[in-house]
Amino acid sequence: QVQLVEAGGGLVQTGGSLRLSCAASGRSFSINTMAWYHQAPGKQRELVATITTGGTTDYVDSVKGRFTISRDNAKNTVYLQMNSLKPEDTAVYYCNVNVDSLWRGYWGRGTRVTVSS
């Protein structure tokens with residue numbers, strides 16, 4: 001099994017920055033694609049950014065130019081650098097990874113990001 005632990009959320013002012021991290025732990029696994037999702041209050045969970053094993057990234061339009069997803073494969077960790085934060089970025093951010101040849105998916109419990117006006 002794979003456990004995901006997210007960190008880095010918090011309260012920040014508009015225009016500020018946060019760096020989220022998600023560390024995967026467990027034995028005998030190889031992580032494929034990693035991703036960040038967010039879910040605002042009363043809204044459906046939405047894909048924010050993805051990164052492949054080769055480092056190819058993709059972003060939802062609303063965060064392009066502001067957020068950067070990266071990964072450290074040696075540490076089994078994915079990051080989301082969030083710059084120029086806006087109140088509409090306020091949400092719980094969830095890490096998602098898929099693992100091994102079966103591409104099994106795992107979710108973190110989320111880290112809360114609040115951007116104040």
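Two strands are said to pair when DSSP finds at least two bridges between them. By that rule, strand β4 (residues 31-39) and strand β5 (residues 46-51) are partners, since five bridges join the two in an antiparallel arrangement. The model you are looking at is predicted. Its protein chain holds 11 strands and zero helices, and below is a friendly tour of how those strands, one disulfide and a nonpolar core appear in it.

**Overall build**

- Read from the N terminus, the elements of the protein chain follow the order β-β-β-β-β-β-β-β-β-β-β.
- The C-alpha trace spans about 45 × 25 × 25 Å along its principal axes.
- The radius of gyration is 14 Å, which agrees with the value near 13 Å that a compact globule of 117 residues would have.
- Of the 117 residues, 42% count as buried.
- The accessible surface comes to about 6500 Å², and carbon and sulfur atoms account for 45% of that.
- Taking contacts between residues at least 6 apart in sequence, 53% join residues at least 24 apart.

**Two hairpins that share β5**

- β4 and β5 form a hairpin with six residues between them.
- In the turn of this β4-β5 hairpin, Gly42 has a positive phi of about 75°.
- Met34 stands opposite Ile51 of β5.
- On to the next hairpin: β5 also runs antiparallel to strand β6 (residues 57-59), and three bridges join these two strands.
- Five residues lie between β5 and β6 in their hairpin, and Gly55 in that turn has a positive phi of about 95°.
- Ala49 has Tyr59 in β6 as its bridge partner.

**The disulfide**

- The chain has one disulfide, and Cys22 and Cys95 form it with their sulfur atoms 2.2 Å apart.
- This pair links distant parts of the chain, as Cys22 sits in strand β3 (residues 18-25) and Cys95 in strand β9 (residues 91-99), 73 residues apart.
- The Cys22-Cys95 link is left-handed, with -80° about the S-S bond.
- Cys22 and Cys95 are both buried.

**The nonpolar core**

- In soluble globular proteins, nonpolar side chains tend to be buried together.
- Here the largest nonpolar core has 30 residues, and Trp36, Leu80, Tyr93 and Val97 are those with the most contacts inside it.
- At least two residues of this core come from each of β3, β4, β5, β7 (67-72), β8 (77-82), β9 and β11 (111-116).
- β9 gives the most to the core, with five residues.
- Leu80 is worth a closer look: leaving aside residues up to four places away in sequence, Leu80 touches Leu18, Arg19, Leu20, Trp36, Ala49, Phe67, Thr68, Ile69 and Tyr93.
- Two of the names in that list also appear above: Trp36 and Tyr93 are among the residues with the most contacts inside the core.

**Ala24 in β3**

- Ala24 belongs to strand β3.
- Ala24 counts as buried because its relative accessibility is 8%, and the cut-off for buried is under 20%.
- Ala24 and Asn76 are 52 residues apart along the chain, yet their C-alpha atoms are separated by 5.4 Å.
- Beyond residues up to four places away in sequence, Ala24 touches Val2, Gln3, Leu4, Phe29, Ile31 and Asn76.

**Asn98 and the loop after β9**

- Asn98 lies in strand β9, and its relative accessibility of 12% is why Asn98 counts as buried.
- Residues up to four places away in sequence aside, Asn98 touches Ser30, Ile31, Asn32, Thr33, Trp103, Arg104 and Gly105.
- One of those contacts, Trp103, is placed in the loop between β9 and β10.
- Trp103 is a residue other than glycine with a positive phi, near 55°.
- Asp100 is found in the loop between β9 and β10 (104-107).
- Asp100 is not a glycine either, although its phi is positive at about 65°.

Definitions and conventions
Residues numbered from 1 in each chain as written. Predicted model: local features only at pLDDT ≥ 70, side-chain atom pairs only at ≥ 80, totals over all residues. Heavy atoms only, no water. Helix = DSSP H or I, 4+ residues; strand = E, 2+ residues; numbered from the N terminus. Disulfide = S-S within 2.5 Å. Buried < 20%, exposed > 50% of the residue type's maximum accessible area, 1.4 Å probe, protein only. Core = buried A, V, L, I, M, F, W, Y, C linked by side-chain atoms within 4.5 Å. Contact = heavy atoms within 4.5 Å. Rg over C-alpha atoms; globule rule 2.2 N^0.38 Å. Areas by Shrake-Rupley, 256 points an atom, 1.4 Å probe, with all protein chains shown as cover.
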